[in-house]
Amino acid sequence: MKISLVSCRSPFLDDDRIYPPLGLLYLKSAVMAAVPDAEVTVVDDYQGPQEFADADFVGVSVMTPQRKEADELASQIRWAYPGKTLIAGGPHVRHYGRDMDNRWDYLVGGDGERVLPQILRGEKVARTTYDQIPRQELAAMPPPDRLGEAGFLRRYNYTLAGLNSTTMMLGRGCPMACKFCEDARTLTRWTSVENAEAELADILLLGYDGVYLFDDLFAINLGKCQPYLDLLKLSGLKFRCNVHARFMTDEFAAALAKAGCVEVAFGAESGSQQILDRIEKKTTVAQNYACVQHCKNHGITVKAFLMIGLPGETRQTVADTERFICNSGIDDAQIAIYYPYKGTELRREMDEGLNSDLAFTGEGLGAYGQKNCGTDSVVRTPELSAEDLVQIREELIRTYRFHSHVGPRDHFFDAHMAAS
Ligand code: B12
Ligand code: SF4
């Protein structure tokens with residue numbers, strides 16, 4: 001039995017080979033453990049359906065901007081090889097499954113580690129399904145198959161502080177309730193310490209010197225993080241992680257630095273308290289400033305994720321954000337225009353006509369970050385049109401020339417507004 005797991009290409013990005021599609025490596029491990037006779041291939045480059053001639057199953061990971069490419073691929077494979085089982089999974093499927101092409105045999109939202117083996121074993125699985133693996137079970141799931149996919153991983157080039165680096169997740173989910181984020185209020189589930197140790201060993205074996213912990217929120221509770229920080233320290237790897245201003249303290253920053261943290265990213269989002277309150281960020285502007293300071297005090301580079309085009313945005317609230325850019329001491333920033341993905345509270349409010357402070361002008365490509373600092377601008381506020389927002393963002397980018405926007409390889413969209 002052969003299955004190809006496919007990561008769609010993203011021609012709209014400057015470079016789609018920076019962060020590897022870890023989700024597929026998790027799926028590969030889960031399939032190998034649960035269906036030992038399955039042969040799994042991970043693919044991120046394909047010229048046409050002929051490349052899947054040998055596969056019995058084709059599983060495609062889809063994010064919203066890739067929806068068209070994924071549907072086209074399904075259509076071509078279905079036409080060329082009617083007998084193959086086509087499965088779509090990934091973040092897009094979870095909230096947009098209903099919009100997807102009817103050629104897919106299965107649309108799997110949420111975690112794929114349990115459902116995919118069930119499909120392969122021919123068990124009864126609904127065409128449209130959603131799964132959330134409970135904490136204990138997820139903690140015990142096999143780590144992503146990095147060693148088996150060493151060649152695949154080598155095609156991705158991420159450098160952290162100049163070091164050859166890769167990515168890793170120590171947990172999934174976020175307890176916060178930010179209204180713009182589709183990962184809001186999702187069950188937090190940590191990788192077991194044993195699995196984390198095994199993953200770090202694999203990462204070292206592959207010769208990496210750095211790692212980006214891609215969890216939505218890693219640094220939220222020092223007690224919970226400490227065993228992982230101990231492992232990271234022991235590994236000698238330098239790392240980057242996502243932090244949250246509400247939970248950042250001097251003690252937390254010191255513990256991160258001691259364990260090898262050289263860079264953090266956090267969702268400051270806006271310099272306007274009015275906007276932070278409106279999106280239920282549960283932080284204050286003062287906490288955002290303090291977060292930068294705590295980290296800088298311990299020699300950690302700080303990147304802020306900032307957005308404009310949030311509900312009620314005005315020239316005045318943009319000026320507040322610009323003040324934060326100038327005065328907070330951040331080293332780097334990603335400045336995006338808010339994109340209302342389905343599955344977020346703000347999008348629900350808009351779809352139900354409950355918002356008077358933000359309007360949605362249409363889906364567009366679905367990527368807030370595109371080539372050459374481009375973007376989708378699909379929102380407007382009573383004061384600022386979609387075009388105004390593009391212009392304002394361009395001015396901010398031109399004025400502040402943050403590394404993320406002008407680096408040799410555009411790291412602008414190397415992470416997200418969701419990562420706080
Ligand atoms: C790392 C990352 C990236 C990396 C690498 C992406 C990758 N291919 O893995 C890069 C930088 C390329 C990236 C780019 C973008 N990203 Co991104 N990314 C993430 C991040 C932070 C972690 C992804 C991850 O590794 N998750 C952990 C693994 C285990 O989960 P997973 O990948 O979802 O896979 C699981 C399931 O989805 C499922 N599954 C996945 N594929 C398949 C396939 C099959 C067949 C099955 C059955 C199941 C299945 O099973 C997996 C295991 O449980 C997430 C946030 C998050 N917390 O997930 C955002 C996230 C996925 N990204 C997001 C966005 C918006 C983008 C961009 C559009 C940003 C932009 N530029 O505008 C681009 C789109 C690029 C594209 N390719 O289209 C959104 C997705 C929203 C959406 N509706 O699609 C997320 C959820 C963040 C957010 N809340 O905004 N991203
Ligand atoms: S933006 Fe960050 S803190 Fe807020 S819900 Fe999403 S992941 Fe959690």
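I take contact to mean heavy atoms within 4.5 Å. The model I consulted is a predicted one.

**Entry 1: Leu-365**

I looked up the contacts of Leu-365 under that cut-off. Leaving out residues up to four places away in sequence, I found that Leu-365 touches Phe-12, Thr-64, Pro-65, Arg-67, Gln-370 and Asp-376. I then located Leu-365 in the loop that runs between β16 (359-360) and β17 (379-380). Its relative accessible area is 29%, so I recorded Leu-365 as partly exposed, the class that lies between under 20% for buried and over 50% for exposed. I also checked one distance: the C-alpha atoms of Leu-365 and Thr-399 are 27 Å apart, with these positions 34 residues apart along the chain.

**Entry 2: Asn-288**

I turned next to Asn-288, which I found in helix α11, residues 285-297. Is Asn-288 buried or exposed? I noted a relative accessible area of 0%, and Asn-288 is therefore buried. With neighbours within four places in sequence set aside, the contacts of Asn-288 are Ala-245, Phe-266, Ala-268, Ser-270, Leu-276, Thr-283 and Phe-324.

**Entry 3: The chain as a whole**

I counted the secondary structure of the protein chain as 15 helices and 17 strands. For 420 residues the globule rule gives 22 Å, and the radius of gyration is close to this at 21 Å, so I entered the chain as being as compact as a globular protein of that length. The C-alpha trace spans about 60 × 50 × 40 Å along its principal axes.

I looked up burial and exposed surface as well. Of the 420 residues, 58% count as buried. The chain exposes about 17000 Å², of which carbon and sulfur atoms supply 49%. For contacts between residues at least 6 apart in sequence, I noted that 72% join residues at least 24 apart.

**Entry 4: The second largest cavity**

I searched for enclosed space and found three cavities of 30 Å³ or more. I examined the second largest, which has a volume of about 110 Å³. Which residues lie nearest its centre? Of the 16 residues in the lining, they are Tyr-26, Leu-138, Arg-172, Thr-191 and Glu-199.

I then asked which elements supply at least two residues each to this lining. Those I recorded are the helices α5 (135-139) and α7 (193-205), together with the strands β9 (171-172) and β10 (189-190). By class, I listed the lining of this second largest cavity as nine nonpolar, three polar and four charged residues.

How values were computed: Residues numbered from 1 in each chain as written. Chains lettered and ligands numbered in written order. Predicted model: local features only at pLDDT ≥ 70, side-chain atom pairs only at ≥ 80, totals over all residues. Heavy atoms only, no water. 1 Å grid on protein atoms, 1.4 Å probe; cavity = no way out; pocket = protein on both sides within 12 Å on 5 of 7 lines; lining within 4 Å. Points joined across faces, edges and corners; volume = space filled by probe spheres on them. Helix = DSSP H or I, 4+ residues; strand = E, 2+ residues; numbered from the N terminus. Nonpolar A, V, L, I, M, F, W, Y, C, P; charged D, E, K, R; others polar. Rg over C-alpha atoms; globule rule 2.2 N^0.38 Å. Buried < 20%, exposed > 50% of the residue type's maximum accessible area, 1.4 Å probe, protein only. Areas by Shrake-Rupley, 256 points an atom, 1.4 Å probe, with all protein chains shown as cover.
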